[in-house]
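I opened this model to look up how its strands are ordered and how its helices pack, and I kept the notes below as I went.

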Amino acid sequence: MSNKKGKPANKIQDLQFFGEFGGVNPSIADSSTFTYLAGKTMGDVFEGTQEGCYLYSRHTNPSTSYLGQAIANMEYTKGAILSASGMGAITTTLLQLCSTGDEIISSRTIYGGTYAFMKNYLPKFNIKTTFVNTTKLEEIENAITEKTKVIYCETMSNPLLEVSDINAIAEVAKKHGIKFVVDNTFTPMIFSPSKMGADVVIHSLTKFINGTSDTVGGVVCSDEEFIASMIDVNSGSAMLLGPTMDAVRAASILKNIRTLHLRMKKHSENAQYLSEKFQADNLRVIYPGLENHPQHEMMKNSMNDGFGFGGMFVIDTKTKENANALMEEMQNNNLGYLAVSLGFYKTLFSAPGLSTSSEIPEDERDTMGLSDGLVRISIGLDNDIERTYNTMVDCMKKVGIL
Ligand code: PLP
């Protein structure tokens, strides 16, 4: 294994923030703006010659800084900037890195919103994206032109759970002087993309990191220079487009991230158990923890030890009618919710072809194997997973899948 056991979790555990009155949680900086004792200091902050002062919460706020520091620690980066959603993190990053005429090479199996942004929105600025299979290095290399500014992928793609070889892609990116941006939303703790050579690591905090499905949020992790460029008062995409996270939300996410390591272990343990069981029942199951997953060995050799292969798995029910019937039956049997998103204590399931990936045109979905019968399952923190399995089997029998 490339990393010592549990390292990213230690980096959060070791943080010690005190509240204003010695509280064990940092005080919440419930202010949009901050006072200055001297007018000159304020002028210097705007000029960029004075650092370390809070100015205005669209720029920085102590509460978002605490959370940023925790996530930067976990991701082994020097800096991080919070945003009000994962899409806020993704869009501002790409707009900061790319100018008109530039090109992006992206994985073709990414979250539908990211895909739609690249495919439909960025062309307004004359920024073109080439979509490739990022698990095939030669497809990336063949797509590189002198205009390529960014290579973009998710560690584990949504929803097909293809795992990209971050170490290998980072080498290609470095060789060509291209920035490598990785969305680590599905695999916090499990992968540390920055250690593997990624320049920017993004999360939708909405998912595992927050874990309570009560807010949307996002983060961009990178070196100090890039983070500073994003909040530059004159030219920073985060500062000027303004997808800012609120201080109160940042404080609540900071409390939740402290249990992320325990949750990831349990999500992974449950997903591994169910995937093995359903595969033995002759269902087509996609889960990177299964030995027949095409990137199983590569993932095993490059992930952090101790957090498993993640909490997401996919079952192929063959048709959209089966998928809908199964999900309705599972919800009626209190197995979880028919809802998009992931990383909740209770199981969430959706049919990506009919929901989160419907932005991807049908013929392209067919080429990548994203059929309407796939049910994506974000397994919950179920204590008795054998009971969950038995209830799922009953549901499958009832709708004729088993
Ligand atoms: N990245 C991935 C992998 C996602 O699954 C999602 C949302 O589902 C996003 C980014 C976007 O995040 P948000 O919904 O917080 O804007």
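**Entry 1: the sheet.** I began with strand order in this predicted model, and I found an open sheet of 7 strands in the order β1-β7-β6-β5-β4-β2-β3, with mixed pairing. The edge strands are β1 (79-83) and β3, each of which pairs on one side only. From one strand to the next I read an average twist of 20 degrees.

**Entry 2: the β1 edge and the helices on the sheet.** I then followed β1 to its partner, strand β7 (residues 218-222), with which β1 pairs in the antiparallel sense over 5 bridges. Within this pair I noted that the bridge partner of Leu82 is Val219 in β7. Helix α3 (residues 62-74) packs on the sheet, where α3 touches β1, β6 (200-204) and β7, and its direction makes about 125 degrees with that of β1. Helix α4 (residues 86-97) also packs on the sheet, touching β1, β2, β4, β5 (179-183), β6 and β7, and the direction of α4 makes about 155 degrees with that of β6.

**Entry 3: strand β2 and its two neighbours.** How many residues of strand β2 (residues 103-107) are buried? I counted 5 of its 5 residues as buried, and I therefore logged the strand as mostly covered. On one pairing, 5 bridges join β2 to strand β3 (residues 128-132), and the two run parallel; on the other, β2 and strand β4 (residues 148-154) pair in the parallel sense over 4 bridges. I used Ile104 as my marker in β2, and this residue stands opposite Thr129 in β3 and opposite Val150 in β4. I also traced the connection from β2 through helix α5 (residues 112-121) to β3, and these make a right-handed β-α-β unit.

**Entry 4: α3 against α10.** Returning to α3, I looked at its packing with helix α10 (residues 247-257), and I found an angle of about 30 degrees with the axes 8 Å apart. Angles under 35 degrees count as roughly parallel, so I entered α3 as roughly parallel to α10. The crossing of α3 and α10 is left-handed. On the α3 side the contact residues are Ser63, Thr64, Tyr66, Leu67, Ala70 and Ile71, and they meet Ala247, Ala250, Ile253, Leu254 and Ile257 in α10.

**Entry 5: α11 against α15.** I next took helix α11 (residues 260-280) and helix α15 (residues 385-399), whose axes come within 10 Å and cross at roughly 40 degrees. That angle makes α11 oblique to α15, and the crossing of α11 and α15 is right-handed. From α11 I listed Asn270, Tyr273, Leu274, Lys277 and Phe278, which meet residues of α15, among them Ile385, Tyr389, Met392 and Met396.

**Entry 6: Lys346.** Is Lys346 buried or exposed? I found Lys346 in the loop between β10 (336-338) and β11 (347-350), and I recorded this lysine as buried because its relative accessible area is 16%, where the cut-off for buried is under 20%. Leaving aside residues up to four places away in sequence, Lys346 touches Asn334, Gly336, Tyr337, Ser378 and Gly380. I also checked Lys346 against Ser213, and the two are 133 residues apart in sequence and 9.8 Å apart in space, C-alpha to C-alpha.

Note on methods:
Residues are numbered from 1 along each chain as its sequence is written. This is a predicted model: local features need pLDDT of at least 70, side-chain atom pairs count only at pLDDT 80 or more; totals for chains, interfaces and linings use all residues. Side-chain values use heavy atoms; hydrogens and water are left out. Buried means under 20% relative accessible area, exposed over 50%, partly exposed in between (1.4 Å probe, protein chains only). Two strands pair if DSSP finds at least two bridges between them. A crossover is right-handed if, with the strands pointing away from the viewer, the path from the first strand over the helix to the second runs clockwise. Axes are lines fitted to C-alpha atoms, for helices over the stretch in contact, and angles run from 0 to 180 degrees between N-to-C directions. Angles under 35 degrees count as roughly parallel, over 145 as roughly antiparallel, 65 to 115 as roughly perpendicular and the rest as oblique. A crossing is left-handed if the near helix is turned anticlockwise from the far one by less than a right angle, and right-handed if clockwise. Contact means heavy atoms within 4.5 Å.
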